[in-house]
Number of protein chains: 2
Amino acid sequence: MAIERQHPVAGQAANSRAEPDALLPAQPPGGSIPDAPCTLESLAQTVSCLRKPADIQAYLQDASGLAAAGLPAMVLRPDSVEQVVQIVRACHQEGRRLTIQGGRSGLAGGAVPDEGDVVLALERLDRVEEFDTVGGTITVQAGMILENLCALVEARGWYFPLDLGARGSCQIGGNVATNAGGNRVLRYGTTRELVLGLEVVLADGTLMTMLNKGLKNNTGLDLKHLFIGTEGTLGVITRVVLRLFPRPERRYSALAAVSGLDQVARLLQLARARLPELSSFEVMWRNYLAAAGQVLQKTPPFESRYPICVLLETEGRDTPEAAAALEGFLGELLESGEVLDAIIPHSQEQAAMLWKFRDAIGEILRTMQPYVAFDIGIPLQKMDAFIEVACAGLARLEPNARNLLFGHLGDGNLHLSTGPHAPENLLAVEELVYREVERVGGSISAEHGIGRIKKPFLKHSRGAAERALMQQVKRALDGDSGLNRHRVIDA
Amino acid sequence: MAIERQHPVAGQAANSRAEPDALLPAQPPGGSIPDAPCTLESLAQTVSCLRKPADIQAYLQDASGLAAAGLPAMVLRPDSVEQVVQIVRACHQEGRRLTIQGGRSGLAGGAVPDEGDVVLALERLDRVEEFDTVGGTITVQAGMILENLCALVEARGWYFPLDLGARGSCQIGGNVATNAGGNRVLRYGTTRELVLGLEVVLADGTLMTMLNKGLKNNTGLDLKHLFIGTEGTLGVITRVVLRLFPRPERRYSALAAVSGLDQVARLLQLARARLPELSSFEVMWRNYLAAAGQVLQKTPPFESRYPICVLLETEGRDTPEAAAALEGFLGELLESGEVLDAIIPHSQEQAAMLWKFRDAIGEILRTMQPYVAFDIGIPLQKMDAFIEVACAGLARLEPNARNLLFGHLGDGNLHLSTGPHAPENLLAVEELVYREVERVGGSISAEHGIGRIKKPFLKHSRGAAERALMQQVKRALDGDSGLNRHRVIDA
């Protein structure tokens, strides 16, 4: 019937320098940081430092495709929080600009350095500092790779639910800095909801350690929210305390066919009410599935008979009752006509194939170049109207472009991919879509962030008063704009 | 077996000026605010204004017991966002200080005005502006009473899960400003996690409208977190967009007896893994239950045979399977010895009685005067040690004081109530406990906030760098300290 989906296995944690067997006390914050300032050049002698063009190739671009126009001065790879403090302090004193890098898997160009920047790459800061298996929290350094973190946690019966395509290269510090979303936001929230505590190095090198471990802590301004989702423009994240969940025993998937977005909304409401273990609700339109079928060389589900398909996933126990829940739910809705058709996978391969259709977007995009892939948030009640107007506008710009739609609609996140367009029209494509997003009160970036690439369009999601306040906060925390300059908003 | 607990009924919403039957567009932000500044005295002619001592008695204290030392200049009760903007702007221009009031149910003295203050009471700002029954969100004005809001939402098949003792008088704007917690944080999070969008009037009267409705929105600094939990020190909340859930059909309660905190931790982990609909996990120590039995004139559950009892609640469907889940879960743990005893209520009265024990703290405290009632957050793994040291210290101060313990331990929130103490010792009691909280890295306020009363103790939960940054943000947003001066932190 339903089967367990692939997820990181415990063995992958072997790469990490984790010490999961003991409750290690966190290092005393800032305890061993010498007060005497070091110069950047003296630090370049003691901290791993790359300067040769051949050595720093990997540090010049990120997954957005954007690449540095000129070379950074150096790439520093500290292996302790103390080294991070010293680097940030030295840059502050010498007026050098820092580009902060995690796994460089971002899609908004945020990790791409400017010419002459000091690149602060956190990849060596990848240790587990405390695994509290009683309270269900883990304290890790910012450079730990998400997949290793998940595997390590699962090996001890716990679960960290954040999951996204870049799991094998993205780092938890980058996930926090960009407030990563992914496939399970509906049940567990975005990264923000999974972070209990943080440690941050401020622009002047001040170390601020807030390794809170409780779900409730009402002691004034919750400062961690200044750093979550601000993409390294207000501080360098060095440690995080994460909230864990009991490890689910199995995952169950199914595909439901519906007639349109009204039925999607109804299905979502019913699924939320009746399936407390619902973790994913992925919506794919007919032409998206057809395109996925082409690149996968497989017949699309239901041979493309239905306008929209929804891929549902639950996570729970490995019991007959749990296995029957999703099937029973869809059975009832088939009878009542609230879904038109359904596939309950009967083998591991069949379930994996459903997810392959969902994950085929990367391969599809390669057939649509030059394209624009939007990651937008649209209120569900306005999505039909938005799609109609946006796609009509895109068709006027380029009648031969395909407009493919899929999304994590459980949280209003729509991915619209359009192409091929004439290169000279790409900016017009963006402006057309973002104006429509603004008109329905949506978000120009549901999960990928602003970085460099969406900075010119920020005004379509954030009003003048908001932008002014964002700027005020940037000035208060990093008036010199030493951290990740030219990203998100200027000081 | 298990029964439905009392919750607000739809009829109570009759008090509200809600219009739940239509999707009303929100008023255009700031559209109709005249640009010409009004003086406070001219506004006092057009806005409901109370000045006579007899009329303003109710506005002089809050539920903390703290009362104003001198009279405020006036109490203004605006009935539109535009009036709030005009009032804040006028106060800013005339150098007047504002005390912002919701339902005055806070326990930290935050709503108590200073002599000469302008009190801004939001009680007339209580309309529903939009109820999106497709996406499951509601947009309401800040003065709406929580109980009315919940009833109105439930009448249409949705659910707003925030629940606390003051539900009949507290206002949603106050809930947001204090990041209220309550009984269901384990499943739904604190108020912060329930807020999608906000509208705020800044200290200079700027109206900032951020009525976001999506779960995902990564467009730079998420400004709403500057105002959630900062108790009106950075802005006046005027509108909120809330996330709704499908309405559960029934609640199921049960009481489990265990031998100590190790078993509590194990029970919590198992309950989180096996009961996806777990909404409450309330822990009561033996002497707390005995004290509750005395004031209720009832025999405590299990005749006080066991060291600790845990009250569990699930919320879900009204089906035989749902009804059997909690009973089956506890049955297994009884067999394995992981719980010592259990009560599955067989009538509505029996379930209500369990919750009466849990809710008896107010009556118990009246028998302990003078007392100190702590609302603290302690990591579960350190709770045993904390309790031992804190109670030993309290016994040295006053051997005859009772130290009663209960808490929402699913989220590390412990309520320790100690008394009677000699009045001259109360400060020493607080200092003793907060020092211990600091030593274990806990929170001096898990859910009640800082306000005026806990302001002197903030340093026990927030380090010097954190306090400096909090101050920097306060200065950037309200340098004159016109909003709720003397609360939380000084500018």
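**Exercise 1. Work out how α9(B) and α11(B) are arranged, and which residues hold the contact.**

*Solution.* Start with the axes in this predicted model. Those of α9(B) and helix α11 (residues 348-358) of chain B come within 9 Å, with a crossing at roughly 110°. Next, classify the angle: 65 to 115 degrees counts as roughly perpendicular, so α9(B) is roughly perpendicular to α11(B). Now list who touches whom. α9(B) brings B:Y288, B:L289, B:A292, B:G293 and B:L296, while α11(B) answers with B:K356, B:F357 and B:R358. Sorted by class, that contact of α9(B) with α11(B) comes to five nonpolar, one polar and two charged residues.

**Exercise 2. Find the orientation and handedness of the α13(B) and α14(B) pair, then describe the contact.**

*Solution.* Step one is the geometry: helix α13 (residues 380-397) of chain B and helix α14 (residues 426-439) of chain B have axes that come within 10 Å and cross at roughly 160°. Step two is the label. Anything over 145 degrees counts as roughly antiparallel, so that is what α13(B) is to α14(B). Step three, the hand: α13(B) and α14(B) cross in a right-handed way. Step four, the residues. On the α13(B) side you'll find B:F386, B:V389, B:A390, B:G393, B:L394 and B:L397. On the α14(B) side sit B:A428, B:V429, B:L432, B:V433, B:E436, B:V437 and B:R439. Split by class, the contact of α13(B) with α14(B) has 10 nonpolar, one polar and two charged residues.

**Exercise 3. Over in chain A, do the same job for α8(A) and α13(A).**

*Solution.* Look at the axes again. Helix α8 (residues 261-274) of chain A and helix α13 (residues 380-397) of chain A come within 10 Å along their axes, crossing at roughly 160°. The two helices, α8(A) and α13(A), are therefore roughly antiparallel. As for the hand, α8(A) passes α13(A) in a right-handed crossing. The contact uses A:L261, A:A265 and A:L268 from α8(A), plus A:L380, A:M383, A:D384 and A:I387 from α13(A). In terms of class, the contact of α8(A) with α13(A) has six nonpolar residues, no polar ones and one charged.

**Exercise 4. Which residues have the most contacts inside the largest nonpolar core, and what does A:F227 touch?**

*Solution.* First get the core: the largest nonpolar one has 197 residues. Within that core, A:L226, A:F227, B:L226 and B:F227 have the most contacts. Then zoom in on A:F227, skipping its neighbours within four places in sequence. From chain A, the contacts of A:F227 are A:V176, A:A177, A:L198, A:V200, A:L202, A:M208, A:M210, A:L234, A:G235, A:I237 and A:L477. From chain B, A:F227 is in contact with B:L469. For background, nonpolar side chains in soluble globular proteins tend to be buried together.

**Exercise 5. Track down the cis peptide bonds leading into B:P370 and B:P420, and place each proline.**

*Solution.* Take B:P370 to begin with. The bond from B:Q369 to B:P370 is cis, its omega near -10°. B:P370 belongs to the loop between α12 (361-366) and β16 (372-377) of chain B. Now B:P420: the bond joining B:G419 to B:P420 is cis too, with omega near -5°. The loop holding B:P420 runs between β18 (413-419) and α14 of chain B.

**Exercise 6. B:N179 and B:F302 both have positive phi. Are these two residues buried or exposed?**

*Solution.* Go residue by residue.

- B:N179 has phi near 50°, positive though the residue isn't glycine. You'll find B:N179 in the loop between α4 (172-177) and α5 (185-188) of chain B. Buried means under 20% relative accessible area, so B:N179, at 5% relative accessibility, counts as buried.
- B:F302 has phi near 60°, again a positive value outside glycine. Its loop lies between α9 (286-296) and β14 (308-316) of chain B. With 10% relative accessibility, B:F302 also counts as buried.

**Exercise 7. Place B:I344, and find how far its C-alpha is from that of B:Y252.**

*Solution.* B:I344 sits in the loop between β15 (341-343) and α11 of chain B. At 14% relative accessibility, B:I344 counts as buried. Along the chain, B:I344 and B:Y252 are 92 residues apart, and their C-alpha atoms are separated by 9.0 Å.

Key:
Residues numbered from 1 in each chain as written. Chains lettered and ligands numbered in written order. Predicted model: local features only at pLDDT ≥ 70, side-chain atom pairs only at ≥ 80, totals over all residues. Heavy atoms only, no water. Axes fitted to C-alpha atoms, helices over the stretch in contact; angles between N-to-C directions. Helix = DSSP H or I, 4+ residues; strand = E, 2+ residues; numbered from the N terminus. Parallel < 35°, antiparallel > 145°, perpendicular 65-115°, else oblique. Left-handed = near helix turned anticlockwise from the far one by under 90°. Contact = heavy atoms within 4.5 Å. Nonpolar A, V, L, I, M, F, W, Y, C, P; charged D, E, K, R; others polar. Core = buried A, V, L, I, M, F, W, Y, C linked by side-chain atoms within 4.5 Å. Buried < 20%, exposed > 50% of the residue type's maximum accessible area, 1.4 Å probe, protein only.
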